[in-house]
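Grab a coffee and work through these short exercises with the model open beside you. Try each task before you read its solution.

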Amino acid sequence: MPSTRMIIGEAATDELAKEVIAKMHEHIRVITGLIQHSILVEEGGRMVILITDWSSREECLTYHASRGYRQFVASTQHMLVGDYVVKLFHNKTSPN
């Protein structure tokens, strides 16, 4: 079953929000197994959301446990107010 993963973070400043977004763009290029992604930025705010779609929950969890993801978090965590919030969803685009 397809899965969607959402990571949500709030940058400490407007400039840091731009840096987090740039890091997300860089990071997305090196992820394997990804079907598609979206980067959402709060209108008038500093909240940033990275949504990734995967063909299976297992691929999503493999990525979540990967060194690349840990490196992404380590490179951006200091730019945030608090920690990232990560949510996993079943993709129910079909009636099954």
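**Exercise 1: the aromatic rings**

In this predicted model, the structure holds 3 aromatic pairs. Work out how the rings of Trp-54 and Tyr-63 are arranged: stacked or edge-to-face?

Solution. Start with the distance: the two ring centres are 5.2 Å apart, and rings pair if their centres lie within 6.5 Å. Next, take the angle. The planes of Trp-54 and Tyr-63 sit at 25°, and planes under 30 degrees apart count as stacked. So the Trp-54 and Tyr-63 pair is stacked. To finish, place the pair in its setting: Trp-54, Tyr-63 and Tyr-69 form one aromatic cluster.

**Exercise 2: buried or exposed?**

Decide whether Trp-54 and Tyr-63 count as buried or exposed.

Solution. The cut-off for buried is under 20% relative accessible area. Trp-54 has 1%, so Trp-54 is buried. Tyr-63 comes in at 7%, so Tyr-63 counts as buried too. For the wider picture, buried residues make up 35% of the 96 residues in the protein.

**Exercise 3: the overall fold**

Check the protein's radius of gyration against that of a compact globule, then describe the order of helices and strands.

Solution. For 96 residues, a compact globule would have a radius near 12 Å; the protein has 13 Å, which agrees. Now count the elements: there are 3 helices and 4 strands. Reading along the sequence, their pattern is β-α-β-β-α-α-β. Last, look at the contacts with a separation of 6 or more: 70% of them come from residues 24 or more positions apart.

Technical notes: Residues numbered from 1 in each chain as written. Predicted model: local features only at pLDDT ≥ 70, side-chain atom pairs only at ≥ 80, totals over all residues. Heavy atoms only, no water. Helix = DSSP H or I, 4+ residues; strand = E, 2+ residues; numbered from the N terminus. Rg over C-alpha atoms; globule rule 2.2 N^0.38 Å. Buried < 20%, exposed > 50% of the residue type's maximum accessible area, 1.4 Å probe, protein only. Contact = heavy atoms within 4.5 Å. Phe/Tyr/Trp six-rings, centres within 6.5 Å; stacked < 30°, edge-to-face > 60°.
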